[in-house]
Amino acid sequence: MTKRIFALLVGVDRYLAASPLEGCCNDVRAFADFLRVRARGDEKPDIRILEDEQATRAAVIAGLTDHLGQAGPGDTALFWFSGHGSQAKVPDELWHLEPTGTIQTLVCHDSRHGDVAELWDKELSLLLGGIAATGCHVVVVADSCHSFGVTRDTIRAVPPLEAAPMIDSLLPELRRVASLPPVEHVVLAACASDESAVETWADGQAHGLFSWSLLTAMRRLGPSATYRELLTAARCDVERHAHRQVPKLEPVTPGIADQPFLGGRIIPSATGMRMRRVQSEWEVDAGSCHGLSIGPDNDDVRVAVPGPDLREARVVQVHPERSIVQPLAWEPDDDLQYPVVISRVPTPAVTVGVEGEHVSTRDQVLTALATMGPGGGPSPHVRTVDEHEGRTPELYIDVRKADRVRIRDGEGAALCDEMTDIQRDGGRRVAAALEHLARVRRVKALVNPLSALVDVVSVELVNAHPGELTAPWDRPPLRPNRDGAVHLRYRQEQGLWVPPTVFVRLRNDSDRPLYFVLLNITEKHRVHAGLFPGAQVAPRRVGAALYGRPVELRLPVGRSVEEGATTLDWLVLLAAEKEFSSSPFELPAVGEAWPGRTRAPLAVTGLLGRLGLAAVHRDAGATDDSACDWVTLAVPVVTEVPAARGDEARVRR
């Protein structure tokens, strides 16, 4: 018998007793479309959607027990919640369930209206335990806040309850939940318990930032991607837009989290795209549910026939399961089907908003942005938005003080040092820094949603033992933490802080040679390929960064090495079937490119080199006229200084 998927998808934008949201129903509709198109097997997934008024506390509980409760041995039961989250005090009668005295909740449509309670996480665990007892695989996706905070974006949180709910409003079985065995299930959560989950604007609609990022990862990585890999990929997207929202995975230990998503019952996103004539139009057999998108600003997205001569087609319309394309400067044979790969991806300008009302300083920066482009035109890398567009900017310039500017991300975190003396250069240093930050963001965002290489390349970090000089071939790699990042720690030796060292392996598990480049994106927004500038890795072989020597990760120069200090690096693997140049991706640290502007490199080879040229430099420079399959993979690495033991440690430089 075909194993089944049961899904309960809950999206709540309208509440009886809480502030409204915008993107929750869009989240669950998008995932439902994805599941209907991409689920494998003869039986379609059994999906129940509860939106707004339908998503009462009673209806959600009934959906969990009655709908997901149908899942049997070998089936998959998925619960997706997009809406407000909050906290509540634990009633005295249930003190034993939570030592902090506070419990996390999901806010249903009618929660806090009258005597209707929220759905406690302990109640959810109780209900999931009953489902898992049948032998099915249980998955939870929660895109809501579990704390209250302040942010520019719409957040999915309401203030905690001041008083504990009445015990009679909760599930009566909750009193014996402590005696039940732990429930083995996977949880993909939008953020930590002390963070906020934000909404964003994507493909012309409001969505939860985490929901959209996770769905994008599902589309791109294919059916073999594990929950851990999906979480890491989603974090990569979330981190570009939200500084203080870090998605989390449970459990973090090896096991169930390393299984394929939904048991692998998803059709591969890229077993090979084909272009064919259907009636009066050319189409490819991939659409939005496979990750294909025209982009928020109607960017030019293209596919191409692999081969020595570049034969491209522009994507003009995207449907859930297919897309309409228009051949460019060539005439395909109506009777043939053509294999195609992605040859151009969206590279939209990064959006910038303005905070503060110091008019002269603001106008100088905006004037500089309007004249930084080719021929004295506007910058091709960034564009300013105002509050009437309905889009949350990705970057902000803070002009509250005369002749001083701070550049912040969407959540208010500073991205570089404060800039002063703005009048001296008419705001052009600020404009150059904004362009630089936009370039770095586009490097991290460069992905191929339909690559057949997603399952065959990987980046592995391996602990380097003291005194070890050569990378081991078979030592198990480090696993990402629940936030999707690999965490490395300084250690003490004879009272000195010593930075961590690792070996970095690049694995090609395909049956053909692939050309690899490994980029390092630092906290100072530098992009360089010094670890692995570019080389071919043979089929089923492993390459090593720095020719197998240890890689040292340390805090940036000038940062004090003290307890609690951290830094974040991104390792971005670029892989393609043909050789390409890494030089288009290289960028100095922010601020170091001024006063001269970074120019496009003269020697650019390969399709990925051309994509880097478009993303980073916005040039239409020539490259070899051929197409090939390519893929990118990003791994976040957090380096941290733990609490010192004994006497205060010094730093070994």
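A nonpolar core is a set of buried Ala, Val, Leu, Ile, Met, Phe, Trp, Tyr and Cys residues joined through side-chain atoms within 4.5 Å. The exercises below concern a predicted model.

**Exercise 1.** State which members of the largest nonpolar core touch the most other members.

Solution. The largest core holds 47 residues, and Met-275, Val-303, Leu-519 and Trp-630 touch the most other members. Next, take Val-303 and set aside its neighbours within four places in sequence: its contacts include Met-273, Val-284, Val-325 and Ile-342, and also Arg-311 and Glu-312. Apart from the largest core lies another, of 40 residues, with Ala-32, Ala-39, Ile-256 and Phe-261 among them.

**Exercise 2.** Determine how strand E7 is placed between its partners and whether its faces are buried or exposed.

Solution. Begin with pairing. Strand E3 (residues 76–82) pairs with E7 in the parallel sense over 7 bridges, while strand E8 (residues 186–189) runs parallel to E7 and is joined to it by 4 bridges. Val-140 serves as a reference point: its bridge partner in E3 is Phe-79, and in E8 it is Val-187. Then check the faces. His-137, Val-139, Val-141 and Asp-143 are buried on one side, as are Val-138, Val-140 and Ala-142 on the other. Since 7 of the 7 residues of E7 are buried, the strand is largely enclosed by the rest of the structure.

**Exercise 3.** Explain why Cys-24 forms no disulfide.

Solution. The cut-off for a disulfide is a sulfur pair within 2.5 Å. The closest cysteine sulfur to that of Cys-24 belongs to Cys-25, at 6.8 Å, which is too far for a bond. The count of disulfides is 0. As for burial, Cys-24 has 0% relative accessibility and so counts as buried; Cys-628, at 3%, is buried.

How values were computed: Residues are numbered from 1 along each chain as its sequence is written. This is a predicted model: local features need pLDDT of at least 70, side-chain atom pairs count only at pLDDT 80 or more; totals for chains, interfaces and linings use all residues. Side-chain values use heavy atoms; hydrogens and water are left out. Buried means under 20% relative accessible area, exposed over 50%, partly exposed in between (1.4 Å probe, protein chains only). Helices (H or I, at least four residues) and strands (E, at least two) are DSSP runs, numbered from the N terminus. Two strands pair if DSSP finds at least two bridges between them. Contact means heavy atoms within 4.5 Å.
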